[in-house]
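Please take a moment with the sequence and the model below before reading on. The paragraphs after them go from the whole chain to a few of its parts.

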Amino acid sequence: VRLAYYGFSLGGIWGPVLTAIDGRVKTSVQIGGGFLAGKFPPEGDPFHFAPRAKEPVLMIVGRHDFVRPVETCQMPMFRLLGAPARDKRIVLIETGHVVYPSPAVVKEILDWLDRYLGPLPAK
């Protein structure tokens, strides 16, 4: 199965939860993710699932994100993700919370998916 998880904003927060419990997911791309400040029940807290999310993960985040700042939300999630260091990548884009699909962002995502899922078959 060649299945990737793509999460944007809220999807980037819950990515570790969803990918840790679904073994079919081979890689994930999380845009604008990171931990949320606040209390969650432990059985649903992304903090507790991040080490169990062992699939390769690409995080693309805004360097100037005021919703989920780099040092307090994004980097803690990135460090805690369970994938080996060689299978994790964080890309900081010079933007705020919303990372627009610029050609550079799209290339980053497609290169990642080709690496971990293989290129699409030629028609």
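What follows is a walk through this model, starting with the chain as a whole and ending with single residues.

The model is a predicted one, and its protein chain holds 4 helices and 4 strands. Read from the N terminus on, these elements follow one another in the order β-α-β-α-β-α-β-α. Along the principal axes, the C-alpha atoms of the protein chain fill a box of roughly 50 × 30 × 20 Å. For 123 residues, a compact globule would be expected to have a radius of gyration near 14 Å, and the protein chain agrees with this because its own value is 14 Å.

Contacts and surface add to this overall picture. When contacts between residues at least 6 apart in sequence are considered, 71% of them join residues that are at least 24 apart. Of the 123 residues in the protein chain, 44% are buried, while the area that the protein chain exposes comes to about 6,900 Å², with carbon and sulfur atoms supplying 64% of it.

Helix α3, which spans residues 70-80, shows how burial is arranged within one element. Which residues of α3 are buried? They are Val 70, Cys 73, Gln 74, Met 75, Met 77 and Phe 78, and because they cover an arc of only 160° around the axis, they lie on the same side of α3. The other side of the helix carries Glu 71, Thr 72 and Arg 79, which are exposed. As for what covers the buried residues of α3, the cover includes helix α1 (10-21) together with the strands β2 (25-31), β3 (57-62) and β4 (88-93).

The loop between β1 and α1 is the place of Ser 9, a residue that deserves a separate look. Most residues other than glycine have a negative phi. Ser 9, however, has a positive phi of about 60° although it is not a glycine. Is Ser 9 buried or exposed? Its relative accessible area is 18%, and Ser 9 therefore counts as buried, since that term applies under 20%.

Finally, the surface offers a feature of another kind. Tyr 6, Phe 8, Val 98 and Tyr 100 make a nonpolar surface patch of about 440 Å², and one of these residues, Tyr 6, has its place in strand β1, which runs over residues 3-8.

Key: Residues are numbered from 1 along each chain as its sequence is written. This is a predicted model: local features need pLDDT of at least 70, side-chain atom pairs count only at pLDDT 80 or more; totals for chains, interfaces and linings use all residues. Side-chain values use heavy atoms; hydrogens and water are left out. Buried means under 20% relative accessible area, exposed over 50%, partly exposed in between (1.4 Å probe, protein chains only). Helices (H or I, at least four residues) and strands (E, at least two) are DSSP runs, numbered from the N terminus. The arc is that of the directions from the helix axis to the C-beta atoms. Contact means heavy atoms within 4.5 Å. Patches are made of residues with over 30% relative accessible area and no salt bridge: like charges are joined within 9 Å, nonpolar side chains (Val, Leu, Ile, Met, Phe, Trp, Tyr) within 5 Å. Accessible areas come from the Shrake-Rupley method with a 1.4 Å probe; for residues, only the protein chains shown count as cover. A salt bridge is a side-chain nitrogen of Lys or Arg within 4 Å of a carboxyl oxygen of Asp or Glu. The radius of gyration is taken over C-alpha atoms; the globule rule is 2.2 Å times the number of residues to the power 0.38.
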